[in-house]
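The exercises below are meant to be worked with the sequence and the coordinates open side by side. Each task is followed by a solution that proceeds step by step.

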Amino acid sequence: MTSISPESPLTSQDAEALLARISARADVQPGMSERELDHVEERWGFRFAPEHRTLLGAGLPTGGGP
């Protein structure tokens, strides 16, 4: 994985690789849909950064784990 920058944004494959690395220590649930992400933004009055949308779309770390 390369560094994340405006010229090199986080890709879905990068997000999946990051989530795979933490899945040994935390449960990772299915990601949020675009509609779910939009709803959270509207409800709470903020916008996710593009890399956060990508990561949350790929999976949701829940903190529980093996």
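## Exercise 1: The overall fold

Task: Establish what share of the protein is buried, and describe its secondary structure, its extent and its contacts.

Solution. In this predicted model, 18% of the 66 residues of the protein count as buried. The next step is to assign the secondary structure, which comes to three helices and two strands, and reading these elements along the sequence gives the pattern α-β-α-α-β. The extent follows from the C-alpha trace, which spans about 35 × 30 × 15 Å along its principal axes. Finally, consider the contacts in the protein with a separation of 6 or more: residues 24 or more positions apart account for 70% of them.

## Exercise 2: The packing of H1 and H3

Task: Determine how the axes of H1 and H3 are arranged, and which residues of the two helices meet.

Solution. Begin with the axes of helix H1, residues 12-22, and helix H3, residues 50-58, which come within 9 Å of each other and cross at roughly 60°. Because angles from 65 to 115 degrees count as roughly perpendicular and those under 35 as roughly parallel, this crossing falls into neither class, and H1 is therefore oblique to H3. The handedness is the next step, and H1 passes H3 in a right-handed crossing. On the H1 side the residues in contact are Ser-12, Ala-15, Glu-16 and Leu-19, and they meet Thr-54, Leu-55 and Ala-58 of H3. Sorted by class, the contact of H1 with H3 holds four nonpolar, two polar and one charged residues.

A further residue of helix H1 is Asp-14, which is buried because its relative accessible area is 16%, under the cut-off of 20%. Its C-alpha atom lies 8.6 Å from that of Leu-55, although Asp-14 and Leu-55 are 41 residues apart in sequence.

## Exercise 3: Two residues of H2

Task: Decide whether Glu-41 is buried or exposed, and do likewise for Leu-37; then compile the contacts of each residue.

Solution. Start with Glu-41, which is found in helix H2, residues 34-44. Since its relative accessible area is 4%, Glu-41 is buried. Leaving aside neighbours within four places in sequence, Glu-41 is in contact with Phe-46, Arg-47, Phe-48 and Arg-53. The contact with Arg-53 can be specified further, as the side chains of Glu-41 and Arg-53 make a polar contact at 2.9 Å.

Now turn to Leu-37, which also lies in helix H2 and which counts as buried because its relative accessibility is 0%. If residues up to four places away in sequence are not counted, Leu-37 touches Met-32, Phe-48, Arg-53 and Leu-56. Phe-48 and Arg-53 thus appear in the contact lists of both Glu-41 and Leu-37. As a last step, take the distance to Ala-17: Leu-37 and Ala-17 are 20 residues apart in sequence, and their C-alpha atoms are 21 Å apart in space.

## Exercise 4: A loop residue

Task: Where is Ala-26 found, and how far apart are the C-alpha atoms of Ala-26 and Thr-62?

Solution. Ala-26 is found in the loop between H1 and strand S1, the latter being residues 28-29. With a relative accessibility of 12%, Ala-26 counts as buried. The C-alpha atoms of Ala-26 and Thr-62 are separated by 6.5 Å, while the two residues are 36 residues apart along the chain.

Note on methods. Residues are numbered from 1 along each chain as its sequence is written. This is a predicted model: local features need pLDDT of at least 70, side-chain atom pairs count only at pLDDT 80 or more; totals for chains, interfaces and linings use all residues. Side-chain values use heavy atoms; hydrogens and water are left out. Axes are lines fitted to C-alpha atoms, for helices over the stretch in contact, and angles run from 0 to 180 degrees between N-to-C directions. Helices (H or I, at least four residues) and strands (E, at least two) are DSSP runs, numbered from the N terminus. Angles under 35 degrees count as roughly parallel, over 145 as roughly antiparallel, 65 to 115 as roughly perpendicular and the rest as oblique. A crossing is left-handed if the near helix is turned anticlockwise from the far one by less than a right angle, and right-handed if clockwise. Contact means heavy atoms within 4.5 Å. Ala, Val, Leu, Ile, Met, Phe, Trp, Tyr, Cys and Pro count as nonpolar, Asp, Glu, Lys and Arg as charged, and the others, Gly among them, as polar. Buried means under 20% relative accessible area, exposed over 50%, partly exposed in between (1.4 Å probe, protein chains only). A polar contact is a pair of N or O atoms within 3.5 Å; within protein, one must be able to donate a hydrogen and the other to accept it, and residues adjacent in sequence count only if both atoms are side-chain atoms.
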